[in-house]
Amino acid sequence: GKWYRLRMVFAAVELVLGVFPFFGTSASCDFQLLAKDGIYLHEMPRTVKRIFFASGNRVDVALRCTCTNRMQECSSHLV
């Protein structure tokens, strides 16, 4: 249930990228968008399900994952 702040950059030529949390059966994750290209949003945080990058984009997000079943091992990752 702890929030993590991530600052990501996509350095590529002529490519796009979509990032989203992969929820296994044991975890639930939330993305909150904070800033795009170093400029904070006027109303933040903004709940998003995916983040899309074009060449040279930067993004600041907050990520939180919680276990939905405490009897199982909790796992999730970014895809």
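In this predicted model, a good place to begin is Q32, which, once its neighbours within four places in sequence are set aside, is in contact with W3, P45, R46, T47, D60, V61 and A62. Q32 is found in strand β4. With a relative accessible area of 13%, Q32 is buried, because residues under 20% relative accessible area count as buried. One of the contacts of Q32 can be described in more detail: its side chain and that of T47 are joined by a polar contact of 3.1 Å.

The contact between Q32 and D60 leads on to strand β8, where D60 is found. D60 is buried too, and its relative accessible area is 2%. The side chain of D60 has a polar partner in R7, the two being joined by a polar contact of 2.9 Å. Neighbours within four places in sequence aside, the residues in contact with D60 are R5, L6, R7, Q32, L33, L34 and A35.

Attention can now turn to the nonpolar residues. The largest nonpolar core has 13 residues, and those with the most contacts inside it are M8, F31, L33, I51, F53, V59 and V61. At least two residues of this core come from each of β4 (27–36), β7 (51–53) and β8 (58–67). Two of the core residues named here have already appeared above, since L33 is in contact with D60 and V61 is in contact with Q32. I51 offers a view from within the core: not counting residues up to four places away in sequence, I51 touches M8, L17, G18, V19, F31, V59 and V61.

Technical notes:
Residues are numbered from 1 along each chain as its sequence is written. This is a predicted model: local features need pLDDT of at least 70, side-chain atom pairs count only at pLDDT 80 or more; totals for chains, interfaces and linings use all residues. Side-chain values use heavy atoms; hydrogens and water are left out. A nonpolar core is a set of buried Ala, Val, Leu, Ile, Met, Phe, Trp, Tyr and Cys residues joined through side-chain atoms within 4.5 Å. Buried means under 20% relative accessible area, exposed over 50%, partly exposed in between (1.4 Å probe, protein chains only). Helices (H or I, at least four residues) and strands (E, at least two) are DSSP runs, numbered from the N terminus. Contact means heavy atoms within 4.5 Å. A polar contact is a pair of N or O atoms within 3.5 Å; within protein, one must be able to donate a hydrogen and the other to accept it, and residues adjacent in sequence count only if both atoms are side-chain atoms.
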